[in-house]
Amino acid sequence: MDESSIRNKMQQVVNLVLSDISSLRTGRATSAVIDSLLVDVYKGQQKLKIQELATITSTDAQTLVIDPWDKSIIGEIRQGILSANIGLNPMVDGEIIRINFPVMTTEDREKYIKLLSTKLENGRIMIRQIRGEAMRDIKENFEEKQISEDEKFEGEKNIQKITDEYINRINEAGENKKQDLLQI
């Protein structure tokens, strides 16, 4: 496994973690919470993400407004949000849907911080698995006498440096999200 392939795989993990933690609810209304929710539309013939069906805007820190392009599916979008069971109550207001985000309690914040920690640790585990695969490749190449002992140690050192870099990216993103969760 070459360095660019290792970096590519690790970046994919970081992107996955960033996407995953962006959906965690903070005290502010953000479209990331509902962007990727799948909704059955057109009498169950299609499953589409809300962001593919409507414009999502935040009118203030506690309110999201969903403006469907096709007004006939407003009920299906509302039902999709309700069935996602994420603790939000969408209300149809004419041709738009309003979602008021309740103020988060200290208990809610603690729950989300624990969930954040779990998601971050899963990302770090995936990064370490990629490192393990790369280390095994180096060891096999050394045992088959394709690389020297110096090249083996240099390769292992380089892989560890790359691993630390990507784990730090995950940790930074987690720390930023934690600060968002703690903001009142």
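Lys-152 is buried in the predicted model, with a relative accessible area of 15%. This value falls under the 20% limit, so the residue is classed as buried rather than partly exposed. Lys-152 belongs to helix α4, and its side chain meets that of Glu-156 in a salt bridge with an N to O distance of 3.7 Å. The two residues are 4 positions apart in helix α4, which means that about one helical turn separates them. A separate group of charged side chains, Glu-3, Arg-7, Glu-165 and Arg-169, is joined into one network by salt bridges that share partners. Between Lys-152 and Gln-45 the C-alpha to C-alpha distance is 55 Å, at a sequence separation of 107 residues.

The structure holds 11 salt bridges. Side chains of opposite charge can pair when their charged atoms come close. Among the bridges is that of Lys-71 with Asp-67, in which the closest N and O atoms lie 2.4 Å apart. Lys-71 is partly exposed, at a relative accessible area of 31%, and Asp-67 is likewise partly exposed, at 31%. Another bridge links the side chains of Arg-98 and Asp-93, with 2.8 Å from N to O. Arg-98 has a relative accessible area of 30% and is partly exposed; Asp-93, at 39%, is also partly exposed.

Helix α4 spans residues 149–182 and includes Asp-150. On the surface, Asp-150 gathers with Glu-149, Glu-151 and Glu-154 in a patch of negative charge. The relative accessibility of Asp-150 is 62%. Since exposed residues are those over 50%, Asp-150 therefore counts as exposed.

The loop between α3 and α4 contains Lys-145. The phi angle of Lys-145 is near 60 degrees, a positive value in a residue other than glycine. Most residues other than glycine have a negative phi. Lys-145 has a relative accessible area of 73% and is exposed.

The largest nonpolar core comprises 23 residues, of which Ile-6, Met-10, Ile-21, Ile-127 and Ile-170 touch the most other members. Two or more residues of this core are given by each of α1 (3–22), α3 (106–143) and α4. The largest share comes from α3, with 8 residues. One of the core residues named above, Ile-21, lies in helix α1. Its relative accessibility is 3%, so Ile-21 counts as buried. Ile-21 and Lys-178 are 157 residues apart in sequence, while their C-alpha atoms are 10.0 Å apart in space.

Several of these features involve helix α4. The helix contributes to the largest nonpolar core, holds the salt-bridged pair Lys-152 and Glu-156, and contains Asp-150, a member of the negative surface patch. Within helix α4, Lys-152 is buried at 15%, whereas Asp-150 is exposed at 62%.

Notes: Residues numbered from 1 in each chain as written. Predicted model: local features only at pLDDT ≥ 70, side-chain atom pairs only at ≥ 80, totals over all residues. Heavy atoms only, no water. Patch = residues over 30% accessible without salt bridge, like charges linked within 9 Å, V, L, I, M, F, W, Y side chains within 5 Å. Areas by Shrake-Rupley, 256 points an atom, 1.4 Å probe, with all protein chains shown as cover. Salt bridge = Lys/Arg side-chain N within 4 Å of Asp/Glu carboxyl O. Lys, Arg positive; Asp, Glu negative; His and termini not counted. Charge placed at Lys NZ, Arg CZ, Asp CG, Glu CD. Buried < 20%, exposed > 50% of the residue type's maximum accessible area, 1.4 Å probe, protein only. Core = buried A, V, L, I, M, F, W, Y, C linked by side-chain atoms within 4.5 Å.
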